[in-house]
Amino acid sequence: MQYTWNDIEQHIAACTCCPLSRTRNRPVMGRGSRQADIMLIAEAPGGQEDQQGIPFVGRSGEILDSLLRDCGLTREEIYITNIVKCHPPGNRDPQNEEKEACFPYLKYETYLLKPKIIVCLGRVAAQRIISADFRITRQHGTWIYRKNCALTATYHPSAILRDSSKYEMVREVFCEIAKKRMELTI
Ligand code: URA
């Protein structure tokens, strides 16, 4: 059976597949253009995202918007989602059981979107999507190619909130991503 975006949205809204469903306020489905070439994958919704049911509406979202703006991109032309769709209490890392329970949703989002570029934001996403031993400090901004998709990873915007000197480094990766999109879409 072929799922639609609507089907996935409904499944996520009613999901009780892992313990996070008991503590969440609202599950957070990916957002943005469903025709996007670029898919950003982060870790898990934070507290504000949990209240509003929308990814990156908190302080990390402000940083993300600024990075996108600096490279001539907007949220409306990309798709942003998370490895897990529900907020882990206390902003802890999502546990394996939670990541695996949620993974089919990410697979369907990716299948329907068919992005040309996937960008993992932070260690948790990079280690689940690119490779289990991915080291953000050493490998951020490097590219791998899988099927018809280019994949990279960089620091999560919350890392910039903790250490503003990382902004420039992440901005450079975002500008490379915008350049890569031009290369892959002409
Ligand atoms: N941090 C994330 O990893 N995802 C969000 O949606 C918001 C903050």
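This report describes the fold of one chain and the surroundings of its ligand.

The structure is a predicted model, and its chain contains 9 helices and 6 strands. The radius of gyration of the chain is 15 Å, which is close to the 16 Å that the globule rule gives for 186 residues, so the chain is as compact as a globular protein of that length. Along its principal axes, the C-alpha trace spans about 40 × 40 × 30 Å.

The space that the ligand takes up is the largest pocket. Around the ligand stand Ala42, Glu43, Ala44, Pro45 and Gly46, together with Glu49, Pro55, Phe56, Asn82 and His156. By character, the residues of this shell divide into 5 nonpolar, 3 polar and 2 charged.

Polar contacts between the ligand and the protein are listed in the table below.

| Ligand atom | Protein partner | Distance |
|---|---|---|
| oxygen | polar backbone atom of phenylalanine 56 | 3.2 Å |
| nitrogen | N or O atom in the side chain of asparagine 82 | 2.8 Å |
| oxygen | N or O atom in the side chain of histidine 156 | 2.8 Å |

The ligand has 240 Å² of accessible area on its own, and the protein covers 93% of that area. Phenylalanine 56 thus takes part through its backbone, whereas asparagine 82 offers a side-chain atom to a nitrogen of the ligand and histidine 156 offers a side-chain atom to an oxygen of the ligand.

Definitions and conventions
Residues numbered from 1 in each chain as written. Predicted model: local features only at pLDDT ≥ 70, side-chain atom pairs only at ≥ 80, totals over all residues. Heavy atoms only, no water. Near = heavy atom within 4 Å. Polar contact = N/O pair within 3.5 Å; in protein donor to acceptor, adjacent residues only side chain to side chain. Areas by Shrake-Rupley, 256 points an atom, 1.4 Å probe, with all protein chains shown as cover. 1 Å grid on protein atoms, 1.4 Å probe; cavity = no way out; pocket = protein on both sides within 12 Å on 5 of 7 lines; lining within 4 Å. Sits in = over half its atoms within 2 Å of the grid points. Nonpolar A, V, L, I, M, F, W, Y, C, P; charged D, E, K, R; others polar. Helix = DSSP H or I, 4+ residues; strand = E, 2+ residues; numbered from the N terminus. Rg over C-alpha atoms; globule rule 2.2 N^0.38 Å.
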